[in-house]
Each structure stands twice: as structure tokens, then as C-alpha cells.
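Could you walk me through how the strands and the nonpolar core are put together here? A friendly tour for the bench would be welcome.

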Amino acid sequence: MTPKKLKPVDAVVVGSGVAGSIICMELANAGLQVVCLERGRLVDPQNEFVMPYTNDELKFDRHSDIFQNLSRETITFRNQMSETALPMRELGSFKPGEIVGGTAVHWGCNARRFLPYDFEIRSRMTKKHGKDFFPEDCTSQDWGVTYEELEPYYDQFEHIYGVGGKAGNLNGEIHTGGNPFEGPRSRDYPNPPTLSTPQGQLFAKTAQSLGYHPFPGPAAAMTRDYTNLYKLHLGECQRGGFCSSHACAQGAKANPLTAVLPALMKKDNFELRPLCNVIKINKDSTGKQATGVTYIDARGQLVEQPANIVVLATYCFNNTRLLLLSGIGQPYDPVNGTGVVGRNYSYQTGSKVQVFFDDQEFNPFIGGGMTSVQFDDFNGEALDRTGLGFVGSAYIAVSSAGATPIKSKPVPSGTPRWGGAWKKAVAHNYRRSFSIGVHGSCQSYRQHYLDLDPTYRDSNGLPLLRMTFDWHQNEQKMLKFMNEKCVEIAKAMSPSTYSTHAVPTKYSIIPYQSTHNIGGAVMGADPSTSVVNKHLQSWDVPNVFVVGGSAFPQNAAVGPTETIGMLACWTADGIKDLYLKRPGQLMV
Amino acid sequence: MDESKHGHAFSCLTQMEIRFLDAAVERLIPTDDLGPGAKDADVTVYIDRQLSSVWGTHGRNYRSGPWLEGTPQQGFQSRLTPQEIYHVGILETNQYCKNVYGKNFEFLTPEQQDEVLQALEKDKVSLPSLSSKLFFDLLWRNTEEGFFADPMYGGNKDKAGWRLLGFPGVASGAYNTHINKIEIYRAEPVSILDIQQNKAKVDAQGYVKHVMIKQKDGQ
């Protein structure tokens, strides 16, 4: 089939999520003609995402049509290279979005910056602990850019997404009540921090008594009415729960639908095309320049959109897959360790200790919008690594996410899985329990990667992306350590009882863990170990930019969304200030 | 007739299947002094409606072969849709019950029914067409959903599941002023169904006005 060829534009952006929407806005503001292609449908949030319908746990958490529709496209998965990868037939471990606004439409508003250490983990840890500090198969690496360079873009993103928090480090000066271990920030958060629930207050008091430094978790659910950098108004969060996995009825959750698109859609030099599924980036005869993209539109027609600049800004899987399907960059070969596309796929780690109080009731359904208290004493360089024997770190938190009744019914370990005793335990404990959560980093390893599946195909007949991933003993060691610390905190709270969870031996695609998949098209200073340079520009085809979680060379302990948004601000500035002066050239 | 007892026209399940599920879900979440169980909360109605939905036919799942069994970590790999899993699972479990106990599941004693459910859960029943654990896990997942999802989906009748927990349902606009306070917030639960049927008041933004439940001493 010959594609219908459209008139060229300055820039085509694939994906309208956190990264894509900001890139579109910034490039359109600079006067470029921009087209955004989004595979999901357009929603009118003021009609569709309204009370009481967003308070529907079955619809949003279990069966949601704002998540990826696997009937058209999924990934295949195996733990190790010796196994046959099989398709992820239903969603479980993670929930990529498929809608205008992307995965952020249903994010939980956890808006933290990475630590300066996270961007330089290889060099800083090697300098401090020697080169044998990293496991032999670990491929974690520096990002090719430092926190200091990126700080203004974190600040920019926080003023687009209206992040509420309390600064712990303002220009090098430590402020009590904030996170003393954070990287220096040039100014405070645009909004005040969230209030803490009684669960969070108890955790804060206990953590403090143990010498830790708790602070309210930074949140992109508005803590007051806020007008953002793009002059858009976001309402105050009512803390009614139904947040992560759900769309927000209040317009209080910052995401592309509330914080970017209403301003962007008004621009004459911008066009959003929903239900358009990009299948390929096209190259010229030299193979060194992209000429645009080919996509399948809502009516099933094959369309070619020529463009001077192509920006891939989709979920980490599709950024990598589109590069592989388009022959951009050398595919990674885990046996020889050569190639880059698909290399350094990683995830995030988590664990928890559940505490139960027979004599105390809470209001666990109140919360959401990242209402949390956390501390960083075991994160980054704050963690004393003497005798620990693992790379990476974690933060510890009590989050009041709004306990919804299908999925949030903690019972002490040893409770039968169903029947009368289970019913009794559920009734007793729903209001008398909360968890102390571990949110940990995950290093990258030689044998964990993404490539094209040799067998399974999507509804267009194109190969699915294949994930090879398992837990490494390094992360298991770390979680074991963090669990022990959580038990100490739990005991100090004097609960009636507490339950620990064993560290999993194998990664499973079944239970929900986090939608924090990263890597595959990582950034870096060295083209032999990265797909894009520090400006997120393809080393091989310089008018292609690949932005998103795909650029993380390994994962930090905190949620990725704010860093994805920050990278979008940084990339857009690079294109505007550097690339457009020497179009088609590699930026230095 | 079971069908009229539930007050719902069943579109997927047969009378025999309804009787099987009524008996099974009653064991999974029994009626007791804490309140209604899954049968009385119309979980069977919920399951029937789910089986007739996009979910019941795996409309959003990846459904191309080859169909290999895979490792436990690789997740759901069955060729069967939930509709088929229920039809086949019930038929073959009843056959197993006839072989072992001489009668269908619904006629067994509660203790025998628990034995069967435990055997299914532990994958100890070799059903001809599917893993018994697969059938059990789906049944338990849907039972839990049907007991705790909004009553608009046919289960959680009279918000029995929410009353059991003390979950107030649709959020109130007052949470924001209550969030950092230690006082117990206990309200008469409100469902989306209540609002659709004009049985609950909402404010201009659609948040409900909860009717608070007074705390009894010692509760």
C-alpha cells in the first residue's frame, strides 16, 4: 500500500504524554510548525472524567480503557535468554497508557527530582568505593549530564506541573522540614507541601525519633488553586483517593490534559492527531537523516508525514521499538555486548512492611495525589555503605494513596486467603493498618534488554518488542536490607502486629509493581554505550530525538515522571538554542 | 427459581451455573454475623454481567498464538476467554464432584465444598481442559471484585462489602479538611449507583455529602 503523503512540517512529535506534550508546547512557542501523533483517543476530560464516575475502581483500576489495549499491541517477556518469551496477554506488572495525555493521565502524582548522585552513579561510586563496587555484569553508567546542568529544567517542569513540597536544600542552604539530602534547588516549590495524614504523622514522629529526616513527599496534585507557567488553572486536590490508575475529576492532577494541552491546542502552528499509530521513522538515501514518519490513521489509512525534526516521545517500550523497526542505531547484542538499541532496560524495586493497630482506626480512604511522608536517609550518598555489599538505594515512605476496597485490604500474614476467617480479618483491619513502603533503585545489567520478538506480532503484522528481565541478587540484597530497616521502624511504632514480605526471587509479569519501566534508548556521552547524546539526540540520525523513560541508563529510587518531564524541557531548549542554529548536525 | 431470586436477567450463565456459583461464592465470602456474604450480595449477578462484557471475552487482551504454557512468571497464557473458563470450569468441576462425592458441587456439605475449593486452588484437581488453579483464581478474583466494586456492576448489593470495611464509597468534598485529623470519619456509604438513581445528594462539583454514622462506645 502506498502511503498518502502529507505536506512537510517543521517537527513531528510521536506521543502526547508527559514528554511529548511539553516538547510540542516549547517548539510551538518557538514558532515551529508542529504535529503530534498519538495512538490513543482524544477525551474531553470535563465530560468524561467527572464525579462520581472517576471513583469507579473496577473501571479504572481493573478494566481501564485508558491503559494500553493489548489486543492491538503488547510486549513479550521472559526472565532469561534461555527461555522462550511469551506475550503479556493481560496487563499486570505495569500499566502504560493509551490515550491523549498518555500514562500520566492515570499517574499517582509522585513528583520527585532524582539526586545529583543518580546522574553520576558510576563515577561517584567508583571514586568512593573502587571499581569492583559494581557487580561484573552491571552496565549502569553516568548520564552524560549533571544535576547542575539539569536543575533549571527541573524547576521549569515543577512550575508547569505545580508541584507542592518543601525545599530541603535552597542554593546549598539546608532547610528543616524539607529533604536535607536533595540536590540544591534554585528556588522553592511553586506550591506548599501536602498535609500529612495521622498515619504519616506517626511515621514522621517515629522516623525522627530514630534519627531520620522525614519530609512531605513532593506532589503534582495541587495543594492550592494554581496557575501554571502556561497560564493554565489547576484546581485544589480534594484528597478523595481514586488517584493512581484513575483519571482526576477535579483537574487537580497535573498531567498533559490539565497542565499543557488546553494551551497548546489553541496554537495555530500546532496540530494534534489522535488515533494515529506511528509504525516507522523514514530515512533519506544516506540513512543519516530522517525524512518524517509513517503512521496508520484512525480510518486505517497509511499516511506519511514528512518533517525536518522527528521526536519520539512515547513510553519506554515504543521509543525503543520504533528505533528497531526503523533501523536507527545498532541493535544491542547481549552476548557480545555490542550495539546500543534495547540495552540497559531496567525497572524499579519495591517492598513494604504492613503495620496493624488493633486499638486505633484511621481513615485510609482519605488521601491520594501523593499524600505521603518519606525520608532519604538510605537513598543516594546519604546511605552509609560500609559492609552492605550492594549498589543502589531506596527511600522509605508512608503513602496515603486512598485505600480502595477491591485492592487495598491488608490482613496479617497467616490469614486464610478466603472464607469466614478472611472476611473477619478484612473487616477488622481495613481501617487499622497502613504500610511502610520501600521504593528502590534498579541497576542495569548486561543480560536485561529489549529486542524484537522473533515470533509474536502486533495487529499490523509488525514484531512485538521482547523484554528479557529478572531480579538481580544486587537488588534482592538491597531490598532485604531496606526491609530490615522498615521492621525497626515498624517495631518503634508499637503496632499490635506487623507483616513482612519476602523479597521475590524471580521477576513476575503478573502482580502490579510500578509503571516505571525505563531504558532501551539511553542517553550518554559515549556512542558505543548510548543511543542518544546528552541532548537526547540520536547519535546516528541527528534530526531524531528520543525523549522519555527510555533515556534513563538505569533507574533511581524515586518515581521517573518528574525526570521525564524535566528531560522534555531540557531537550526542547537544546533543539531551540543549539540544534536549530546548525540543523541536521550533531550537537556538542 | 434462582434467577428471579437475584432479580436479574442472566445473559451468560445457565441455571446450573448460577446454582454452582451461588454455592461457591457463599463459601468464599460467607454470610455470617458480620453481614451478608457474596451470594447475598449478588456476586453471581456481577459475574454474569462481567462475562458478557468486553472483559469476559478478553476484548482488550492479546489473543494470537502460538499458545505455550510458559513459566509461572509469564502470566496468563490460556486460549480460553473468561466466558469459556467459567462454562468449562463449572462443568468439569461438577463432573469431578460427581466422581468423588456422587453429586454436583451445589449439593455438597459446606465442608465438602471447602475441600473442593481448596483442591482447585492448589491445582490438585486435574480437570480435562484447564488448570483448576486458573479456574479458581479467576473465580476468587471476580468474587472479590463483585463484593467490593460499585453496586452499579450488579454485585455489592446494598453496599454490603463497603459496610463490612467501613469504606464510604464515592468521596466527599470534606476529606481535604479532615485529612490531617485523628477523628474517625465514618459515613453511610454512597455508590455511583445511588447517585445515578438520585438516592444521594452531591454538591456542585459532584462530591457527595456524606451522612455521618455516630460512633458507638467501644467501637
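Here is a short report on a sheet, one of its strands and a core.

## About the model

This is a predicted model, in which local features need pLDDT of at least 70, side-chain atom pairs count only at pLDDT 80 or more, and totals for chains, interfaces and linings use all residues. Residues are numbered from 1 along each chain as its sequence is written, while chains are lettered from A and ligands numbered from 1 in the order in which they are written.

## The sheet

In chain A, six strands (DSSP E runs of at least two residues, numbered from the N terminus) make an open antiparallel sheet, ordered 8-16-17-18-15-21. Strands count as paired if DSSP finds at least two bridges between them. At the edges are strand 8 (215-216) and strand 21 (497-500) of chain A, each paired on one side only.

Eight bridges link strand 15 (residues 349-356) of chain A to strand 18 (residues 433-440) of chain A, with A:Gly350 opposite A:His439.

## Strand 16

Strand 16 (residues 371-375) of chain A has five of its five residues buried (20 or more other C-beta atoms within 10 Å of a residue's own, with C-beta atoms placed from the backbone). One face carries A:Thr371, A:Val373 and A:Phe375, the other A:Ser372 and A:Gln374.

Strand 16 of chain A pairs with strand 8 of chain A over two bridges, where A:Val373 partners A:Pro216. Five bridges join strand 16 to strand 17 (residues 394-400) of chain A, and A:Phe375 faces A:Ile396 there.

## The nonpolar core

The largest nonpolar core (buried Ala, Val, Leu, Ile, Met, Phe, Trp, Tyr and Cys residues joined through C-beta atoms within 7 Å) has 224 residues. Among those with the most contacts inside this core are A:Ile23 and A:Val547.

Key:
Helix = DSSP H or I, 4+ residues; strand = E, 2+ residues; numbered from the N terminus. Buried ≥ 20, exposed ≤ 12 C-beta atoms within 10 Å, placed from the backbone.
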